[in-house]
Amino acid sequence: MRSYRTLFRNPEFTPFLLSFAAHAAAQTIGGLALATLVYRATGSPLLSAVSMFGPQLAQLLGAAFLLSGADRLPPRALLTVISLAFAAGTAVLALPGLPVGAVFVVLLLQGLVASLGGGVRGGLMNEILPKDGYVLGRSVFNMLWGLVQITGFAAGGALLALLSPRTCLLLATAMYVLSALVTRLGLTPRPPRSAGRPSFSATWATNALLWSSRPRRLVFLGLWVPNGLVVGGDSLYVSYAPAAAGTMYACGALGMFLGDLAVGRLVPPALRPRLATPLRLLLAVPYLFFFLRPSVPLSVLAATVASVGFAASLVLQERLMALTPDELAGQALGLHTTGMVALQGIGALLAGSLAQLTSPATAMTLMAIASLAVTLTLHVLERRAARRPGGVSSADPTEYRPAPR
């Protein structure tokens, strides 16, 4: 499948995207509003960064104990419940006088709920689209995320100039409810992909199985660590340039959109596997210049160019699906999403701590150096693994055993 027209002929793909767009817009506007609220209340770059990306740390707990639900619960019902849970939590965050400690308790609970979202959406897309449409569909999904971030951060910045952060949080609450309605009315009910009830033991067993393969481990690490370190640096935009933070996030999302468009639609499938390392390097290199504290226009340009490198996730997701049995696709994609956003939360915590000790610009540079070092190390390990029989591009069926029910 190489045509957008063919892709959108699928009757469920459009409502699938619209429900995600409403949920993502709520996250974008709500996250910027909450980070601004916390920064105004505390003056702390660390707490501001953690309020925006810290909930992703909680997804580690969800991945460890809840992730089997991504394949063992009905996807439409689960996505509806997730959006409604986020609506309730965001409404609580908008309450006047809510202590900072209570804010982080709510974010922890939202992170636990969110740990199921990536796996459910990824697995559902794998069912909605044929196998040869996954990369194109995923590129459209990522491009939509980029467009939502562009408009969401730009609109969020404008709204914060006109309205209070708490009013913006209430707008985010309404968008979460809209997402739940589109999911409930626009998607077909489907049975779970795997039999059995969700359980801690099933989650642990399947995660261990997915992690037991060296090729899959390298793919997971490639999806998680370089990305997480760079996004950790991105979390400092609010403290680096408070007046231009919305613009930097929006232009970074534009770069991500352009990268996904090029890799998903224009790059031949035979060439895609070669782009994983170059794109991950591009993700970090422009941030090395932040040590010089460039002007706001140059900072925006650097963020835009760097974000093209996020398209590496398309290449690595395709490789992950080739290495994973279909009945574990939801949990594999959930583990990928959860690990990625958890590393982003860890990156935000690390970057915020470095900024407290040095400056936001220095911290962003150090995070970029760390990302480059990890990417180069993984490249060496991937080349060694590729020389072994089977390499990293094909699944090893002898490794697969069904998880306990």
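**Exercise 1.** Is Leu366 buried, partly exposed or exposed, and at what relative accessibility?

*Solution.* Keep in mind that you are working with a predicted model. Start by locating the residue: Leu366 sits in helix α19, which covers residues 360-386. Next, recall the cut-offs: under 20% relative accessible area is buried, over 50% is exposed, and partly exposed lies in between. Leu366 has a relative accessibility of 37%, so Leu366 counts as partly exposed. Finally, look at its surroundings: Leu366 helps to make a nonpolar surface patch of about 670 Å², together with Val285, Leu288, Phe289, Phe291, Leu292 and Ile369.

**Exercise 2.** Now try the same reasoning on Arg166, then find how far apart Arg166 and Val305 are in space.

*Solution.* Arg166 belongs to helix α10, residues 165-186. With 27% relative accessibility, Arg166 counts as partly exposed. For the distance, go from C-alpha to C-alpha: Arg166 and Val305 are 32 Å apart in space, and 139 residues apart in sequence.

**Exercise 3.** Describe the second largest pocket: its volume, its lining and the helices that supply the lining.

*Solution.* Begin with the volume, about 260 Å³. Then list some of the lining residues, among them Leu32, Tyr39, Arg40, Gly157, Val238 and Thr247. Sort the lining by class: seven residues are nonpolar, four are polar and one is charged. Last, trace the lining back to the helices: α2 (13-42), α9 (134-162) and α14 (245-266) each give at least two residues. The largest share, four residues, comes from α2.

Methods. Residues numbered from 1 in each chain as written. Predicted model: local features only at pLDDT ≥ 70, side-chain atom pairs only at ≥ 80, totals over all residues. Heavy atoms only, no water. 1 Å grid on protein atoms, 1.4 Å probe; cavity = no way out; pocket = protein on both sides within 12 Å on 5 of 7 lines; lining within 4 Å. Points joined across faces, edges and corners; volume = space filled by probe spheres on them. Nonpolar A, V, L, I, M, F, W, Y, C, P; charged D, E, K, R; others polar. Patch = residues over 30% accessible without salt bridge, like charges linked within 9 Å, V, L, I, M, F, W, Y side chains within 5 Å. Areas by Shrake-Rupley, 256 points an atom, 1.4 Å probe, with all protein chains shown as cover. Salt bridge = Lys/Arg side-chain N within 4 Å of Asp/Glu carboxyl O. Buried < 20%, exposed > 50% of the residue type's maximum accessible area, 1.4 Å probe, protein only.
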